[in-house]
Amino acid sequence: MRKSTLMEKVTRRTISSSSFFLCFFIFSSSILFLAGKSAAKVSYDGDNDDNVTALFIFGDSFLDAGNNNYINTTTLDQANFPPYGQTFFGLPTGRFSDGRLISDFIAEYAKLPLIPPFLEPGDSQKKLCGVNFASAGAGALVETFQGSVISLRTQLDHYKKVERLWRIKFGKEESKKRISRAVYLISIGSNDYSSPFLTNQSLSFSMSQHVDIVIGNLTTFIHEIYKIGGRKFGFLNVPDLGCFPALRILKQKNDSCLRDASILASIHNKALSNLLFKMQRQVKGFKFSLFDMNKSLKLRMDHPSKFGFKEGEEACCGTGKWRGVFSCGGKRIVKEYKLCENPDDYIFWDSLHLTQNTYKQFANLIWNGGHMSDSLVVGPYNINRLFQIS
């Protein structure tokens, strides 16, 4: 193998330094472009390009910034039509919300631009600050909504393509540093547990066995990222799915949550926590942040006014009881839908997703850490700390 020439080293160093300013420029431009929306002032050390910490995002519709806009699927797995996006962007972007997602706020707090979807065409330079691989409807199981979404396994393949491109662009050593320095944000599992109920299918295994398979696939995914060089991971656990409007309306007899869906989420969250703490003990350099989305959402649903909401059960957009029919936008199977006047008053945007206001509150907890009802909801690191660790 030939040694790098002096010119190659100088070129790589130039690319490395310029990429920091590119990330900063894109961040500044995105703040200006997004129509005078308020944002924190940016401060940075322009002489130190080690401050560039990329954000890679994987998972499902809680984090998908628009990848499903570019695949052959149905409107059940797309949100590229009004009123999605109305609150912040003023137009649909593919995000399953009225505005920004948790990952968008995390990027802002980290002084990064909006992280682009992997499949979005255009300037590859935008992807030097990170890439969003998430796909609405995706699961850890390949079988989850297979053929309509981008599974976690395929998201990993997409990440490997980016990693190879980074090696070419930055050189092996600089690329390795950047991969190690990056933060990996992951939300997965909700579709693996909700899809059997939404499609009226029975589980092929017992609940605990089903969770074991999901956790097994997620474990493989984490080890693959680690093997490539990833060290800092942020996870959202699975919310109380049985209490989402779309699943509650499946109950025929009473108004309670769909018990089996809630149980699956609970089993998953315990297994996920056990897995991550085990990896922290056994895998050198592995660091993680785990956000208890389940508990945080329950508290808001039970006490909406305490957190600035007026409605804790009904969705802003949809139809039927609790607006639990997944009809927001009128482009899906059911065309009828109603839209609330102020999404900020609601926890749920549609029957399966949350409002920008809810996501912002969650992002603040994830970034800063915090306690609720004397119980830690983020640990052992918050995401802010992960971005600071070199």
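Q: What percentage of the 390 residues of the chain count as buried?
A: This is a predicted model, and its chain is built from 11 helices and 12 strands. A residue is called buried here when its relative accessible area is under 20%. Of the 390 residues of the chain, the share that meets this cut-off is 55%.

Q: Which helix gives the most residues to the largest nonpolar core?
A: The largest nonpolar core holds 103 residues, and those touching the most other members are Leu 55, Phe 56, Phe 58, Ile 106 and Ile 222. Eight residues of this core come from a helix spanning residues 207-228, and the helix that gives the most is H6.

Q: Which residues is Ile 106 in contact with, leaving aside its neighbours within four places in sequence?
A: Ile 106 is among the five residues that touch the most other members of the largest nonpolar core. Once neighbours within four places in sequence are set aside, the contacts of Ile 106 are Leu 55, Ala 363, Ile 366, Trp 367, Ile 383 and Phe 387.

Q: How many bridges join strand S4 to S5, and how many pair S5 with strand S12?
A: Strand S5, residues 287-291, is mostly covered, with four of its five residues buried. With S4 (residues 232-236) strand S5 runs parallel, and Lys 232 has Lys 287 as its bridge partner. With S12 (residues 378-380) the pairing of S5 is antiparallel, and here Leu 290 stands opposite Gly 379. The bridges between S4 and S5 number five, and those between S5 and S12 number three.

Definitions and conventions
Residues are numbered from 1 along each chain as its sequence is written. This is a predicted model: local features need pLDDT of at least 70, side-chain atom pairs count only at pLDDT 80 or more; totals for chains, interfaces and linings use all residues. Side-chain values use heavy atoms; hydrogens and water are left out. A nonpolar core is a set of buried Ala, Val, Leu, Ile, Met, Phe, Trp, Tyr and Cys residues joined through side-chain atoms within 4.5 Å. Buried means under 20% relative accessible area, exposed over 50%, partly exposed in between (1.4 Å probe, protein chains only). Helices (H or I, at least four residues) and strands (E, at least two) are DSSP runs, numbered from the N terminus. Contact means heavy atoms within 4.5 Å. Two strands pair if DSSP finds at least two bridges between them.
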